[in-house]
Amino acid sequence: GTAPLRILIHHPPKHEIWNRVDFFQTNSEANSLTADQIHGAYEKLSYYLQLEVYSLLELAIWNTKMDEQRRDEETVDRQGCRIQCGVQVILPHVMGFLKGCDVM
């Protein structure tokens, strides 16, 4: 089920979405909900999951750049690493690949 995913959710809108999903699964009144309402809940969930994936990938790329700089220098320019890590080039391609593979 969805229980392990809920542990990762701290953002109130995502919590609201999980409540809606639970409602659909456990409440007999869910039959009266329209397909548009259900679709809207899943669209919101999909948006927040994509945002979370994007953010985690951005942090990983930034961290890799800082690790590279740490090997070469004593101090790390965090902001400089963020600007120079190439996230603007890398992430659109990775996100496009993930969407094309139906993993998101």
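1. Let me start with Cys81, which is buried, with a relative accessible area of 1%. This residue sits in helix α4. Please keep in mind that the model is a predicted one. Leaving aside residues up to four places away in sequence, Cys81 touches Trp62, Lys65, Met66, Gln69 and Val76. The C-alpha atoms of Cys81 and Thr64 are 9.0 Å apart, although their positions lie 17 residues apart along the chain.

2. A word on the overall fold may help here. The chain has 5 helices and 0 strands, and its pattern along the sequence reads α-α-α-α-α. Of its 104 residues, 21% count as buried. Among contacts with a separation of 6 or more, 48% come from residues 24 or more positions apart. The accessible surface of the chain is about 7,700 Å², and carbon and sulfur atoms account for 56% of that.

3. Back to the surroundings of Cys81, where Gln69 deserves a look. Gln69 is part of helix α3. Is Gln69 buried or exposed? Its relative accessibility is 16%, so it counts as buried, the cut-off for that class being under 20%. Apart from residues up to four places away in sequence, Gln69 touches Thr75, Val76, Asp77 and Cys81.

4. Val76 is the next residue to consider. Val76 lies in the loop between α3 and α4 and is partly exposed, with a relative accessible area of 26%. Its contacts, again without residues up to four places away in sequence, are Met66, Gln69, Arg70 and Cys81. From Val76 to Lys65 the C-alpha distance is 9.7 Å, with the two residues 11 apart in sequence. Taken together, Val76 touches both Gln69 and Cys81, and Gln69 in turn touches Cys81.

5. Now to the charged pairs. How many salt bridges does a search of the whole structure find? The search finds 2. One of them joins Glu58 and Arg82, with the closest N and O atoms 3.5 Å apart. Glu58 belongs to helix α3 and Arg82 to helix α4 (residues 78-84), so this pair ties together parts that are 24 residues apart in sequence. Arg82 is partly exposed, at a relative accessible area of 38%.

6. Asp67 and Arg70 form a salt bridge too, and here the closest N and O atoms are 2.6 Å apart. Why are these two residues separated by about one helical turn? They are 3 residues apart in helix α3, and therefore about one helical turn separates them. Both ends are partly exposed: Asp67 has 32% relative accessibility, and Arg70 has a relative accessible area of 43%. Arg70 is also among the residues that Val76 touches.

7. Finally, a point about the surface. Which residues form the negative patch? They are Glu68, Asp72, Glu73 and Asp77. Glu68 is found in helix α3, which covers residues 35-72. With a relative accessible area of 34%, Glu68 is partly exposed, and patch residues need over 30% and no salt bridge. Asp77, another patch member, is one of the residues in contact with Gln69.

8. For your own viewing, I would suggest two places to look at together. The first is the contact set of Cys81, which includes Gln69 and Val76. The second is the Glu58–Arg82 salt bridge, which ties helix α3 to helix α4.

How values were computed
Residues numbered from 1 in each chain as written. Predicted model: local features only at pLDDT ≥ 70, side-chain atom pairs only at ≥ 80, totals over all residues. Heavy atoms only, no water. Patch = residues over 30% accessible without salt bridge, like charges linked within 9 Å, V, L, I, M, F, W, Y side chains within 5 Å. Areas by Shrake-Rupley, 256 points an atom, 1.4 Å probe, with all protein chains shown as cover. Salt bridge = Lys/Arg side-chain N within 4 Å of Asp/Glu carboxyl O. Lys, Arg positive; Asp, Glu negative; His and termini not counted. Charge placed at Lys NZ, Arg CZ, Asp CG, Glu CD. Helix = DSSP H or I, 4+ residues; strand = E, 2+ residues; numbered from the N terminus. Buried < 20%, exposed > 50% of the residue type's maximum accessible area, 1.4 Å probe, protein only. Contact = heavy atoms within 4.5 Å.
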